[in-house]
Amino acid sequence: MNNKQQNKTNFDERKERIIIRQSQVKLVLDYLTSCGICPTIQDLLKTTTMMEQYIYDGYSADLMDKIGKLDDYIQTKYKGGIKNEK
């Protein structure tokens, strides 16, 4: 692959990541808002990052554990301590 092709590939990959990130920010914000939660920017970005990780890496027990902890944290912070039953 020549340098020009490599640059195009890198650009396309960055563009794809930006699109994925934007769609996940919207998905997370829409979901939280529909649940009556107005997240801080920090919580929005934490959740978005976890969703991106799921897209890139797929299901893993470790990621589901992290998502469960984040969900419990969000429920506790914004809903006054209502935790998900496992």
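**Helix packing around Gln 24 and the nonpolar core**

Gln 24 lies in helix H1, and I shall begin with this residue. Please bear in mind throughout that the model is predicted.

Gln 24 counts as buried, because its relative accessibility is 9% and the cut-off for buried is under 20%. Which residues does Gln 24 contact, once its neighbours within four places in sequence are left aside? They are Thr 48, Met 51, Glu 52 and Ile 55. Taking Ile 55 from that list, its C-alpha atom is 9.5 Å from the C-alpha atom of Gln 24, and the two residues are 31 apart in sequence. A further pairing is with Thr 49, which is found in helix H2. The C-alpha atoms of Gln 24 and Thr 49 are separated by 8.3 Å, with their positions 25 residues apart along the chain. Is Thr 49 buried, partly exposed or exposed? Its relative accessibility is 41%, so Thr 49 counts as partly exposed.

Let me now turn to the two helices as a pair. H1 covers residues 3-34 and H2 covers residues 41-57; their axes come within 9 Å and cross at roughly 125 degrees. H1 and H2 are therefore oblique to each other. The crossing of these two helices is right-handed. On the H1 side, the residues that meet H2 are Arg 17, Ile 20, Arg 21, Gln 24, Val 25, Leu 27, Val 28 and Leu 29. On the H2 side, they are Leu 44, Leu 45, Thr 47, Thr 48, Thr 49, Met 51, Glu 52, Ile 55 and Tyr 56. Sorted by class, this contact of H1 with H2 comprises ten nonpolar, four polar and three charged residues.

The second packing pair is H2 with H3. Here the axes are 11 Å apart, and the helices pack at an angle of about 160 degrees. An angle over 145 degrees counts as roughly antiparallel, and H2 and H3 are therefore placed in that category. H2 passes H3 in a left-handed crossing. From H2, the contributing residues are Asp 43, Lys 46, Thr 47, Met 50, Gln 53 and Tyr 54. From H3, they are Leu 63, Met 64, Lys 66, Ile 67, Leu 70, Tyr 73, Ile 74, Lys 77 and Tyr 78. By class, the contact of H2 with H3 has nine nonpolar, two polar and four charged residues.

Next, the nonpolar core. Which residues make up the largest nonpolar core? There are eight in all: Val 28, Leu 32, Ile 37, Leu 44, Met 50, Leu 63, Leu 70 and Ile 74. H1, H2 and helix H3, which spans 61-79, each supply at least two residues of this core. The greatest share comes from H3, with three residues.

Two members of the core deserve a closer look. The first is Leu 63, which has its place in helix H3. With a relative accessible area of 1%, Leu 63 is buried. Not counting residues up to four places away in sequence, Leu 63 touches Met 50, Gln 53, Tyr 54 and Gly 58. Leu 63 and Met 51 are twelve residues apart in sequence, and their C-alpha atoms are 9.6 Å apart in space. The second is Ile 74. Neighbours within four places in sequence again being left aside, Ile 74 is in contact with Leu 32, Ile 37, Thr 47 and Lys 79.

I shall finish at the beginning of the chain, with Asn 2. Asn 2 is in the segment before H1. Its relative accessibility is 42%, so Asn 2 counts as partly exposed. How far apart in space are Asn 2 and Gly 36, C-alpha to C-alpha? The distance is 51 Å, for a pair that is 34 residues apart in sequence.

To recapitulate, H1 and H2 are oblique to each other, H2 and H3 are roughly antiparallel, and the eight-residue core draws on H1, H2 and H3.

Note on methods:
Residues are numbered from 1 along each chain as its sequence is written. This is a predicted model: local features need pLDDT of at least 70, side-chain atom pairs count only at pLDDT 80 or more; totals for chains, interfaces and linings use all residues. Side-chain values use heavy atoms; hydrogens and water are left out. Axes are lines fitted to C-alpha atoms, for helices over the stretch in contact, and angles run from 0 to 180 degrees between N-to-C directions. Helices (H or I, at least four residues) and strands (E, at least two) are DSSP runs, numbered from the N terminus. Angles under 35 degrees count as roughly parallel, over 145 as roughly antiparallel, 65 to 115 as roughly perpendicular and the rest as oblique. A crossing is left-handed if the near helix is turned anticlockwise from the far one by less than a right angle, and right-handed if clockwise. Contact means heavy atoms within 4.5 Å. Ala, Val, Leu, Ile, Met, Phe, Trp, Tyr, Cys and Pro count as nonpolar, Asp, Glu, Lys and Arg as charged, and the others, Gly among them, as polar. A nonpolar core is a set of buried Ala, Val, Leu, Ile, Met, Phe, Trp, Tyr and Cys residues joined through side-chain atoms within 4.5 Å. Buried means under 20% relative accessible area, exposed over 50%, partly exposed in between (1.4 Å probe, protein chains only).
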